[in-house]
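Please look over the structure shown here, and then follow the paragraphs below, which go from a single helix to the whole chain and back to a single residue.

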Amino acid sequence: VLADVYRDQGRFREAEPRYLRAIQILEGVFGPTHPRLGEALDGYAKMLRAAGRDDEAAPLEARRAALAGGG
């Protein structure tokens, strides 16, 4: 996924809109509780943590855990 490549390169300004768009599309297609959404949430949370935005990452990680049945 291109957003993951940008995240790994530290190009957070380019990665963030791609994660947000992926999440929007997956929610629209599968609904907000579908497990497939978890991968996009996880990638976005990792990007936020790498950018030092831990307070924003935590809710996404909790949502991801809930989708995986761990929450």
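A residue counts as buried when its relative accessible area is under 20%, and as exposed when that area is over 50%. With this cut-off in hand, and keeping in mind that the model is predicted, we can begin with the helix α3, where the buried residues are Leu-37, Gly-38, Ala-40, Leu-41, Gly-43, Tyr-44, Ala-45, Met-47 and Leu-48. These buried residues of α3 pack against α1, α2 and α4, the last of which covers residues 54-67.

The length of α3 can be checked by simple reasoning: its 14 residues, at 1.5 Å a residue, should span 20 Å, and because its end C-alpha atoms are 20 Å apart, the expectation and the model agree. Just after α3 comes Gly-52, which takes a positive phi of about 80°.

Stepping back to the whole protein, one finds 4 helices and 0 strands, and from the N terminus on the elements run α-α-α-α. The radius of gyration is 12 Å, close to the 11 Å that the globule rule gives for 71 residues, so the protein is as compact as a globular protein of that length. Along its principal axes the C-alpha trace spans about 30 × 25 × 15 Å, and buried residues make up 30% of the 71 residues. If we consider the contacts between residues at least 6 apart in sequence, 41% of them join residues at least 24 apart.

The helices also take part in the largest pocket, which holds about 220 Å³ of space. It is lined by 14 residues, of which Val-1, Asp-4, Tyr-19, Glu-39 and Ala-40 are the closest to its centre. At least two lining residues are supplied by each of α1 (2-8), α2 (12-30) and α3 (37-50), and the largest share, 5 residues, comes from α3. Sorted by class, the lining has 6 nonpolar, 1 polar and 7 charged residues.

Finally, which residues is Leu-41 in contact with, leaving aside its neighbours within four places in sequence? Leu-41 is found in helix α3, and its relative accessible area is 0%, so it is buried. Its contacts, apart from those neighbours, are with Ile-23, Leu-60, Arg-63, Arg-64 and Leu-67. Arg-53 lies 12 residues from Leu-41 along the chain, and the C-alpha atoms of these two residues are separated by 14 Å.

How values were computed. Residues are numbered from 1 along each chain as its sequence is written. This is a predicted model: local features need pLDDT of at least 70, side-chain atom pairs count only at pLDDT 80 or more; totals for chains, interfaces and linings use all residues. Side-chain values use heavy atoms; hydrogens and water are left out. On a 1 Å grid over the protein atoms alone, a cavity is a set of points where a 1.4 Å probe fits but cannot get out, and a pocket is an open set with protein on both sides within 12 Å along at least five of seven lines; lining residues have an atom within 4 Å of a point. Grid points are joined across faces, edges and corners, and a volume is the space filled by probe spheres set on the points. Ala, Val, Leu, Ile, Met, Phe, Trp, Tyr, Cys and Pro count as nonpolar, Asp, Glu, Lys and Arg as charged, and the others, Gly among them, as polar. The expected span of a helix is 1.5 Å times one less than its number of residues. Buried means under 20% relative accessible area, exposed over 50%, partly exposed in between (1.4 Å probe, protein chains only). Contact means heavy atoms within 4.5 Å. The radius of gyration is taken over C-alpha atoms; the globule rule is 2.2 Å times the number of residues to the power 0.38.
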